[in-house]
Amino acid sequence: MRAIDVFCWLSVFLVNLMCMSDKPLKHYLFASDFDQTLTFNDSGYVLSELVGIPTTEFERKAEGMAKLNLVQQGAELAYLLLHDPEFRARVRREHLYEVGKRIRLKENIELLYQILEKGIDGYRFDFYVLSAAPVEVIQSALEGIVPPDHIYGTEFRYKDSGEIDTIAGTTAGYGKVAALDQLQTQLQVGPDHIIYVGDGNSDVHVMLHVKVRDGFTIAVSEARHVSQVAKRTVLSSDALAVLVPILEEIVGWERLQIREFFESYGLLIQEWDHVRTDWLTLRPAASELVEAVTTD
Ligand SMILES: [Mg+2]
């Protein structure tokens, strides 16, 4: 065979190979909250314990802040770190890093990241974390699991002494919407190719934003305002559980196929209860109230 023939044959082979691997991927943005979505507790509690402030005291202050509605929902800790004399005097950057090492993560976050990235044939889900927690806490907790540039949290500026000086930005409440919009532009995905997972009040703004633009919202708690906005609610101590509604409703798999997929990663779905929660408050109709008063 002449050298030119070999060259032509090789070129055709390489082009074919490139075409084969160039199968179009459906590209999604998967954004997740951190506190109580990827973890079992709030960073604020772990931080308070670490610096010797009673957790009841943190809870009282955070609840007081939330009632004032002075800051975006979820930004109470950030505000306390900057303005509460006790927190400001005690908390340094290294404490935030240490909180990340102490906080209890849900199972299998690393596997969730890997499966979303390239484990589902024909799909790619870019995994980002959007949280009101200090970015140092999240980056430390997810070190080696989620790349630092995929993590958006509250960012502080520090004095030379190590004390917190100012807040550079916070991804709380509506701040999550702004961060998500920025990511959507950056990744060039349509609004219907966004998935948001969250557990609490600070997720309501962003969930409404995702929902009205035909995105997919998943709640991981039964907190009333969140589960009402979410398309699906999944309760599990394993982070992989959020794959179930994604595989069912986006990828379009049946239950058996999903079970087999989990089994291929050595995981058995032991219990799978599907319950739709209706939130109801009943009160007597006005006429009955009057009747009750008149017959009393
Ligand atoms: Mg949360």
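At roughly what angle do the axes of helix H3 (residues 55-68) and helix H4 (residues 76-83) cross? Select these two helices to begin, bearing in mind that this is a predicted model. Their axes come within 9 Å and cross at roughly 110°, and because angles of 65 to 115 degrees count as roughly perpendicular, H3 is described as roughly perpendicular to H4. The crossing in which H3 passes H4 is right-handed. To see what makes the contact, show the side chains of Lys61, Ala62, Met65 and Ala66 on H3, together with Glu76, Leu77, Tyr79 and Leu80 on H4. Sorted by class, this contact has 6 nonpolar and 2 charged residues, with no polar ones.

Next, turn to the sheet. Its 7 strands form an open sheet with mixed pairing, and stepping across it you meet them in the order S4-S3-S2-S1-S5-S6-S7. Strand S4 (164-169) and strand S7 (232-233) are the edge strands, each pairing on one side only. Now add helix H9 (residues 174-187), which packs on the sheet and touches strand S1 (26-32), strand S2 (123-134), strand S3 (151-158) and S5; the direction of H9 makes about 150° with that of S2.

Stay with S2 and colour its residues by burial: 9 of the 12 are buried, so the strand is largely enclosed by the rest of the structure. S1 and S2 run parallel and are joined by 7 bridges, and here histidine 27 can be found opposite arginine 124 in S2. S2 also runs parallel to S3, to which 3 bridges join it, and valine 129 stands opposite isoleucine 151 in S3.

Then move along the sheet to strand S5 (residues 194-198) and strand S6 (residues 216-219), which pair in the parallel sense over 4 bridges. Select tyrosine 196, and look for its bridge partner in S6, which is threonine 217. Helix H10 (residues 204-212) lies across S5 and S6, and runs at about 155° to S5.

For the last stop, select helix H12 (residues 243-251), in which Leu243, Val244, Pro245, Ile246 and Leu247 are buried. Which elements do the buried residues of H12 pack against? Showing the surroundings brings up helix H7 (109-118), the strands S5, S6 and S7, and helix H13 (255-264). Finally, follow the chain out of H12 to glycine 252, where phi is positive, near 85°.

Note on methods
Residues numbered from 1 in each chain as written. Predicted model: local features only at pLDDT ≥ 70, side-chain atom pairs only at ≥ 80, totals over all residues. Pairing = 2+ DSSP bridges. Helix = DSSP H or I, 4+ residues; strand = E, 2+ residues; numbered from the N terminus. Contact = placed C-beta atoms within 7 Å. Axes fitted to C-alpha atoms, helices over the stretch in contact; angles between N-to-C directions. Buried ≥ 20, exposed ≤ 12 C-beta atoms within 10 Å, placed from the backbone. Parallel < 35°, antiparallel > 145°, perpendicular 65-115°, else oblique. Left-handed = near helix turned anticlockwise from the far one by under 90°. Nonpolar A, V, L, I, M, F, W, Y, C, P; charged D, E, K, R; others polar.
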